[in-house]
Amino acid sequence: MIGQHASQPLLPVFFGGAVAFALLTLSAVGLASIAGSLKLTEKTVHLIGACSFGIFAVLALVDSLTALQA
């Protein structure tokens with residue numbers, strides 16, 4: 001938000017950031033309530049996190065290789 005405010009007016013940056021943080025908090029609380037009812041084990045949560053980071057790593061690698069070819 002600080003970087004955005006360097007080139008944009010204060011009020012739109014403030015309200016945009018406030019809305020973004022509110023949506024982030026709302027989605028985190030909603031997903032936590034859903035995950036709490038699923039009775040997931042710690043091992044399952046770690047596996048889901050590891051797979052997510054693996055997917056992000058592959059996407060970043062593909063994007064960087066595509067950028068090198070251009």
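Let me start at one residue: Gly30 lies in helix H2. With a relative accessible area of 28%, Gly30 is partly exposed, because the cut-offs put buried under 20% and exposed over 50%. Take Gln4 as a reference point for distance. Gly30 and Gln4 are 26 residues apart in sequence, and their C-alpha atoms are 28 Å apart in space.

Before going further, a word on what we are looking at. This is a predicted model. The mean pLDDT of the protein is 93, and 100% of the residues score at least 70. Among the elements, helix H1, residues 2-7, has the lowest mean pLDDT, at 84, while H3 has the highest, at 96. As a general caution, predicted coordinates should not be read in detail where pLDDT is low.

Now the overall layout. The protein has 3 helices and 0 strands, and read along the sequence the pattern is α-α-α. The radius of gyration is 18 Å, whereas the globule rule gives 11 Å for 70 residues, so the protein is more spread out than a compact globule. Taken along the principal axes, the C-alpha atoms fill a box of roughly 45 × 40 × 15 Å.

How much of the chain is buried? Of the 70 residues in the protein, buried residues make up 3%. The protein exposes about 6100 Å², and 77% of that comes from carbon and sulfur atoms.

Next, the helices H2 and H3. H2 covers residues 10-38. Its 29 residues should span 42 Å at 1.5 Å a residue, and the end C-alpha atoms are 42 Å apart, which agrees. H3 covers residues 42-69. For the 28 residues of H3 the expected span is 40 Å, and the end C-alpha atoms are 41 Å apart, so the two values agree. H3 is hardly covered, with a count of 0 buried residues among its 28.

One residue of H3 as an example: Ala57 lies in this helix. Ala57 counts as partly exposed because its relative accessibility is 46%, between the limits of 20% and 50%. Ala57 and Ser27 are 30 residues apart along the chain, and 24 Å separates their C-alpha atoms.

What follows H2? The residue is Lys39, with a positive phi near 55°. Lys39 lies in the loop between H2 and H3. In general, most residues other than glycine have a negative phi. Lys39 has a positive phi of about 55° although it is not a glycine. Lys39 also counts as exposed, because its relative accessibility is 70% and the cut-off for exposed is over 50%.

Last, the surface. Which residues form the nonpolar patch? They are Leu31, Ile34, Leu38, Leu40, Val45 and Ile48, with about 570 Å² of accessible area together. The elements giving two or more residues to this patch are helix H2 and H3. H2 supplies the largest share, 3 residues. On the general geometry, an α-helix has 3.6 residues a turn, so residues three or four places apart point the same way.

From the patch, take Leu31, which is found in helix H2. Leu31 is exposed because its relative accessible area is 59%, and exposed means over 50%.

To recap: the model is predicted, with 3 helices and 0 strands. The radius of gyration, 18 Å, is well over the 11 Å of the globule rule. Buried residues make up 3% of the 70, and the nonpolar patch on the surface has about 570 Å² of accessible area.

Conventions:
Residues are numbered from 1 along each chain as its sequence is written. This is a predicted model: local features need pLDDT of at least 70, side-chain atom pairs count only at pLDDT 80 or more; totals for chains, interfaces and linings use all residues. Side-chain values use heavy atoms; hydrogens and water are left out. Helices (H or I, at least four residues) and strands (E, at least two) are DSSP runs, numbered from the N terminus. Buried means under 20% relative accessible area, exposed over 50%, partly exposed in between (1.4 Å probe, protein chains only). Patches are made of residues with over 30% relative accessible area and no salt bridge: like charges are joined within 9 Å, nonpolar side chains (Val, Leu, Ile, Met, Phe, Trp, Tyr) within 5 Å. Accessible areas come from the Shrake-Rupley method with a 1.4 Å probe; for residues, only the protein chains shown count as cover. A salt bridge is a side-chain nitrogen of Lys or Arg within 4 Å of a carboxyl oxygen of Asp or Glu. The radius of gyration is taken over C-alpha atoms; the globule rule is 2.2 Å times the number of residues to the power 0.38. The expected span of a helix is 1.5 Å times one less than its number of residues. pLDDT is the predictor's confidence in each residue, from 0 to 100.
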